[in-house]
Amino acid sequence: MFYLLDIIGTMAFAVSGALTAMNKKLDPFGVYIIAFVTAVGGGTLRDIMIGRTPVGWMRDPNYVYLITAGFFLAIIFRKKLDHLRISLFLFDTIGLGVFTLIGLEKGINTGLHPVICIALGTMTASFGGVIRDILCNEIPVIFRREIYATICIIGGMVFFGLKKTGLEKDAIYLITSCVIIILRLMAVKFKWYLSPLEQ
Amino acid sequence: MFYLLDIIGTMAFAVSGALTAMNKKLDPFGVYIIAFVTAVGGGTLRDIMIGRTPVGWMRDPNYVYLITAGFFLAIIFRKKLDHLRISLFLFDTIGLGVFTLIGLEKGINTGLHPVICIALGTMTASFGGVIRDILCNEIPVIFRREIYATICIIGGMVFFGLKKTGLEKDAIYLITSCVIIILRLMAVKFKWYLSPLEQ
Amino acid sequence: MFYLLDIIGTMAFAVSGALTAMNKKLDPFGVYIIAFVTAVGGGTLRDIMIGRTPVGWMRDPNYVYLITAGFFLAIIFRKKLDHLRISLFLFDTIGLGVFTLIGLEKGINTGLHPVICIALGTMTASFGGVIRDILCNEIPVIFRREIYATICIIGGMVFFGLKKTGLEKDAIYLITSCVIIILRLMAVKFKWYLSPLEQ
């Protein structure tokens with residue numbers, strides 16, 4: 001189940017990365033690389049920083065196949081993806097929840113402090129997009145007017161709060177990912193976003 | 001004493017990173033991340049390259065607290081920081097000296113060649129700013145008209161020169177950091193900077 | 001022989017990086033760093049991701065000396081390098097072949113899947129240029145209209161195809177590098193390049 005959600009999230013991130021790259025008029029190789037880093041860049045950064053090498057996608061070629069599939073899907077259906085915008089957004093939101101949990105778990109397995117685990121969860125879920133934006137020569141969108149990453153941080157706090165109650169693992173995972181997904185949906189629905197500080 | 005200077009340097013780098021990010025109109029999350037990478041980005045890059053993982057700030061949550069404090073200080077006092085410009089500059093200069101020494105030391109402990117240790121010292125002290133500028137979508141300022149990094153390189157040479165004389169460790173550390181700090185003050189006072197090569 | 005080609009490739013990449021940086025009006029420190037990352041950035045990224053630390057150039061100070069030599073050559077002959085454009089292009093092409101092979105070999109030695117090894121070969125040969133472009137605040141040229149990286153991927157496929165035939169190692173290396181070099185020469189000669197997808 002969890003693995004299936006990881007697959008959905010990875011594909012959704014790859015497709016959204018490919019679409020961004022096509023909008024920037026990159027060539028197919030550029031589109032492929034952007035799809036790749038959007039999908040696995042956050043997890044790669046996490047693995048490098050905690051010393052879990054070779055990094056995740058190098059241990060399991062399935063990630064390469066998944067991203068390649070996402071890349072071709074995005075190219076073939078690029079004119080029709082507007083109609084799928086809502087599905088894509090939902091899959092992307094599932095990715096946000098799953099990737100945050102994977103990052104939290106890896107941090108705990110490495111024996112790190114909860115504060116650091118929350119940083120790892122946030123990094124896993126949102127820094128693929130940061131690398132995507134840097135490669136596309138833009139200031140990362142989550143630094144400007146998104147609460148994407150903030151939701152991961154809140155999700156991480158909920159996770160450790162629940163852990164203290166002694167609830168069983170599966171329930172904690174389920175509740176945390178639901179909190180992240182619901183907050184994300186509400187953020188988009190009610191147009192919650194962070195804005196620059198007044199100066 | 002050394003640890004105290006590390007704290008001062010980390011806070012100063014975090015505050016200066018936060019100020020840069022606010023000038024670029026980033027939202028609070030973006031300001032926080034820029035403060036973070038400015039403060040620990042150089043050391044993180046160094047740790048990743050020498051294989052010292054989990055990287056430094058992940059082993060001691062105090063860095064997260066320090067940077068968070070620097071972030072709030074910068075936000076609260078952002079309108080008054082102009083009056084503190086000189087203090088900030090002094091703290092930043094202390095950071096330059098301390099971070100260079102930390103990088104040199106980590107290189108020596110890893111058994112690396114002096115030339116590589118000097119590269120690590122320079123990276124520790126000045127590449128947080130490089131990552132900050134890249135995330136803010138600018139060509140890094142130290143690549144354009146600064147001698148910031150050059151001073152770290154000179155400091156590293158002084159360090160290894162003194163080491164050959166057989167002077168004791170504390171004296172070498174003290175002299176090296178004073179050389180770096182004095183060179184930095186003189187560089188700003190006398191407007192020394194590197195300029196592009198004529199073509 | 002192989003080591004000699006590595007030296008030629010590293011120097012060529014350093015010189016081409018330095019020239020790019022001088023065109024962007026960077027100061028000497030910036031020019032040096034860009035020469036450095038163009039020459040060893042791809043291999044550094046590969047080593048970090050597979051956990052081969054300290055990364056390659058830190059284990060052998062000769063890389064620093066080579067790059068420093070390339071840096072000074074580029075500065076001294078910057079007005080005359082136009083006449084050497086063809087030699088430089090040839091050396092750069094040799095670098096492309098050699099670096100791809102080094103990346104493939106490191107992947108095999110780490111016990112990784114052929115698909116991942118091809119990714120590592122491509123990364124080694126072409127991601128120094130990606131980091132160079134990001135530091136110079138440009139969208140990486142190989143993402144926009146180059147087939148540079150695509151040639152590395154084809155070279156990697158040829159390599160594993162030949163490996164299946166049971167040919168001896170030296171022959172596989174020679175043929176793979178010739179394929180990469182010839183494809184690169186033909187690509188430039190016949191103006192083959194990838195173009196953005198129609199939307």
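**Entry 1. A:Lys80**

I looked up A:Lys80 first and found this residue exposed, at a relative accessible area of 52%. The model I am reading is a predicted one. I placed A:Lys80 in chain A, in the loop that runs between α4 (62-76) and α5 (85-109). I then took the C-alpha to C-alpha distance from A:Lys80 to A:Glu138, which is 26 Å, with the two positions 58 residues apart in sequence numbering.

**Entry 2. B:Thr93**

I turned to helix α5 of chain B, residues 85-109, where B:Thr93 has its place. Is B:Thr93 buried or exposed? I noted a relative accessible area of 1%, so B:Thr93 counts as buried. Setting aside neighbours within four places in sequence, I listed its contacts as B:Ile181 and B:Arg184.

**Entry 3. How chains B and C are related**

I asked next by what turn chain B can be laid on chain C. A turn of 120° with a shift of 0.0 Å along the axis does this, and the RMSD is 0.0 Å. I therefore recorded the two copies as related as by a three-fold rotation axis. I also compared the surfaces they use: only 9% of the interface residues of chain B are interface residues in chain C as well, so the copies meet through different surfaces.

**Entry 4. The interface of chains B and C**

I looked up how many residues take part in the contact, and found 34 residues from chain B and 28 residues from chain C. The two chains bury about 2,600 Å² between them. Of this area, 73% is on carbon and sulfur atoms. I searched the interface of chain B and chain C for salt bridges and the count was 0.

I then examined C:Asp27, which lies in chain C in the loop between α1 (2-23) and α2 (28-50). C:Asp27 is buried, with a relative accessible area of 0%. Which residues does C:Asp27 touch, apart from those up to four places away in sequence? I listed B:Ile142, B:Phe143, B:Arg144, B:Arg145, B:Glu146, B:Leu194, B:Ser195 and B:Pro196.

**Entry 5. The nonpolar core**

I looked for the largest nonpolar core and found that it has 193 residues. The residues with the most contacts inside this core are A:Trp57, A:Met58, B:Trp57, B:Met58, C:Trp57 and C:Met58. I followed one of them, C:Trp57. Not counting residues up to four places away in sequence, C:Trp57 touches B:Met49, B:Ile116, B:Ala119 and B:Met123 in chain B. In chain C, I noted that C:Trp57 touches C:Phe36, C:Val40, C:Thr44, C:Tyr63 and C:Val64.

**Entry 6. Cysteines**

How many disulfides are there over all chains? I recorded 0. I sought the reason at A:Cys136: its sulfur is 17 Å from the closest cysteine sulfur, in B:Cys136, and that is too far for a bond, because a disulfide needs the two sulfur atoms within 2.5 Å. I checked from the other side too, and the cysteine sulfur closest to that of B:Cys136 is in A:Cys136, again at 17 Å and too far for a bond. Both sites are buried: I read a relative accessible area of 2% for A:Cys136 and of 1% for B:Cys136.

**Entry 7. Backbone geometry**

I reminded myself that most residues other than glycine have a negative phi, and that most peptide bonds are trans. I then noted the departures from this.

The peptide bond from A:Thr53 to A:Pro54 is cis, with omega near -10°. I located A:Pro54 in the loop between α2 (28-50) and α3 (56-59) of chain A. In chain B, a cis peptide bond joins B:Thr53 and B:Pro54, with omega about -10°. B:Pro54 is found in the loop between α2 (28-50) and α3 (56-59) of chain B.

I looked up phi of B:Lys191 and found a positive value, near 50°, in a residue other than glycine. B:Lys191 has its place in the segment after α8 (169-189) of chain B, and counts as exposed at 65% relative accessibility. C:Asn137, which is not a glycine, has a positive phi of about 60°. I placed C:Asn137 in chain C, in the loop between α6 (114-135) and α7 (148-164). At 23% relative accessibility, C:Asn137 counts as partly exposed.

How values were computed. Residues are numbered from 1 along each chain as its sequence is written. Chains are lettered from A and ligands numbered from 1 in the order in which they are written. This is a predicted model: local features need pLDDT of at least 70, side-chain atom pairs count only at pLDDT 80 or more; totals for chains, interfaces and linings use all residues. Side-chain values use heavy atoms; hydrogens and water are left out. Buried means under 20% relative accessible area, exposed over 50%, partly exposed in between (1.4 Å probe, protein chains only). Copies are superposed by least squares on the C-alpha atoms of residues with pLDDT of at least 70 in both. Contact means heavy atoms within 4.5 Å. A nonpolar core is a set of buried Ala, Val, Leu, Ile, Met, Phe, Trp, Tyr and Cys residues joined through side-chain atoms within 4.5 Å. Helices (H or I, at least four residues) and strands (E, at least two) are DSSP runs, numbered from the N terminus. Buried area is the accessible area (1.4 Å probe) that two parts lose on being put together, summed over both. A salt bridge is a side-chain nitrogen of Lys or Arg within 4 Å of a carboxyl oxygen of Asp or Glu.
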